[in-house]
Amino acid sequence: MLAALIMGGMAACDDADDTSAQDTTNQSGPSGISTACLKELPEPSVDSQTPARLNLTLSDFVYSFEEGRHRFTHDRRFKESAGIGLFIYRGKVCVEDGTSCADACVRYRIEPGGSLTQRDHHFATPLDPDRITLQYWARDDAGHVMTLKQEIQTKGRAATVMPN
């Protein structure tokens, strides 16, 4: 139940031996990559020294209080801007100032120069105020691995996306 309230749409990930929580931004090769989350991805198909460039925009926050938690429904927009397609293969959401996390294998495809908008996702926390972190791991079509992290501060009915 907690994971469902925190994640808002991600399936559970069994990554007990996963070391990809380390910062692997722009590294290529298999070291530090979760084999559980990567095993279903196709092999890299592009020869490029330049990695994909991925950013995340959170918008349209709507507050509600449900089952003893402050719930913030919102849209997530991933955008690739270097012209190299990618797969987001893992996502993690932490609430309660990083002490309670839900982690999941995902498979989101973003085409070169394209975007993906996920409407009506949410996170929920019992704390007010709280610091929420969203983190995603991705591999581009050239095999470069990257991490994307976004922090949100909540207070009352307000959610503020912090600059990276």
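**Exercise 1. Find what joins Cys94 and Cys101, and establish the handedness of the link.**

Step 1. Cys94 and Cys101 form a disulfide, with sulfur atoms 2.0 Å apart, where a disulfide is a pair of cysteine sulfur atoms within 2.5 Å. The model is predicted, so local features need a pLDDT of at least 70 and side-chain atom pairs count only at pLDDT 80 or more, while totals for chains, interfaces and linings use all residues. Residues are numbered from 1 along each chain as its sequence is written, and side-chain values use heavy atoms, with hydrogens and water left out.

Step 2. The torsion about the S-S bond of Cys94 and Cys101 is about 110 degrees, so this disulfide is right-handed.

Step 3. Cys94 has a relative accessible area of 7% and is therefore buried, whereas Cys101, at 38% relative accessibility, counts as partly exposed. Here buried means under 20% relative accessible area, exposed means over 50%, and partly exposed lies in between, with a 1.4 Å probe and protein chains only.

**Exercise 2. Describe the disulfide of Cys37 and Cys105, and give the pairing of the bonded cysteines.**

Step 1. The sulfur atoms of Cys37 and Cys105 lie 2.3 Å apart and form a disulfide, which is left-handed, with -80 degrees about the S-S bond.

Step 2. Because Cys37 belongs to helix α2 (residues 35-38) and Cys105 to strand β5, the pair ties together parts that are 68 residues apart in sequence. Helices (H or I, at least four residues) and strands (E, at least two) are DSSP runs, numbered from the N terminus.

Step 3. Cys37 is buried, with a relative accessible area of 6%, while Cys105 counts as partly exposed at 23% relative accessibility.

Step 4. The count comes to two disulfides, and when the bonded cysteines are numbered in sequence order, the pairing is 1-4, 2-3.

**Exercise 3. Work out which strands pair with β4, and how β4 is placed in the structure.**

Step 1. Strand β4 covers residues 86-95, and nine of its 10 residues are buried, so β4 is largely enclosed by the rest of the structure.

Step 2. β4 pairs with strand β5 (residues 100-110) in the antiparallel sense over nine bridges; two strands pair if DSSP finds at least two bridges between them. Leu86 has Ile110 in β5 as its bridge partner.

Step 3. Four residues separate β4 from β5 in their hairpin, and Glu96 in the turn has a positive phi of about 55 degrees.

Step 4. β4 is also joined to strand β7 (residues 130-140), by eight bridges in an antiparallel arrangement, and Lys92 stands opposite Gln135 in β7.

**Exercise 4. Describe the hairpin of β8 and β9.**

Step 1. Strand β8 (residues 144-155) and strand β9 (residues 158-161) run antiparallel and are joined by four bridges, with Gln153 standing opposite Thr160 in β9.

Step 2. The hairpin has two residues between the strands, and Gly156 takes a positive phi near 60 degrees.

**Exercise 5. Characterise the aromatic pair of Phe78 and Tyr108, then look for charges over rings.**

Step 1. The structure holds five aromatic pairs. Rings of Phe, Tyr and Trp (its six-membered ring) pair if their centres lie within 6.5 Å, with planes under 30 degrees apart counted as stacked, over 60 as edge-to-face and the rest as tilted.

Step 2. Phe78 and Tyr108 form a tilted pair, 6.3 Å centre to centre, with 40 degrees between the planes. This pair links distant parts of the chain, with Phe78 in strand β3 (residues 69-80) and Tyr108 in strand β5, 30 residues apart. Both Phe78 and Tyr108 are buried.

Step 3. One aromatic cluster is formed by Phe61, Tyr63, Phe72 and Phe123.

Step 4. Arg90 lies over the face of Trp137, at 4.2 Å from the ring centre, and Arg109 lies over the face of Phe87, at 4.7 Å from the ring centre. A charge sits over a ring if NZ of Lys or CZ of Arg is within 6 Å of the ring centre and within 35 degrees of the ring normal.

**Exercise 6. Summarise the whole protein and the confidence of the model.**

Step 1. The protein has two helices and nine strands, which follow the pattern α-β-α-β-β-β-β-β-β-β-β along the sequence.

Step 2. Of the 164 residues, 47% count as buried.

Step 3. The average pLDDT, the predictor's confidence in each residue from 0 to 100, is 85, and 79% of the residues score at least 70.
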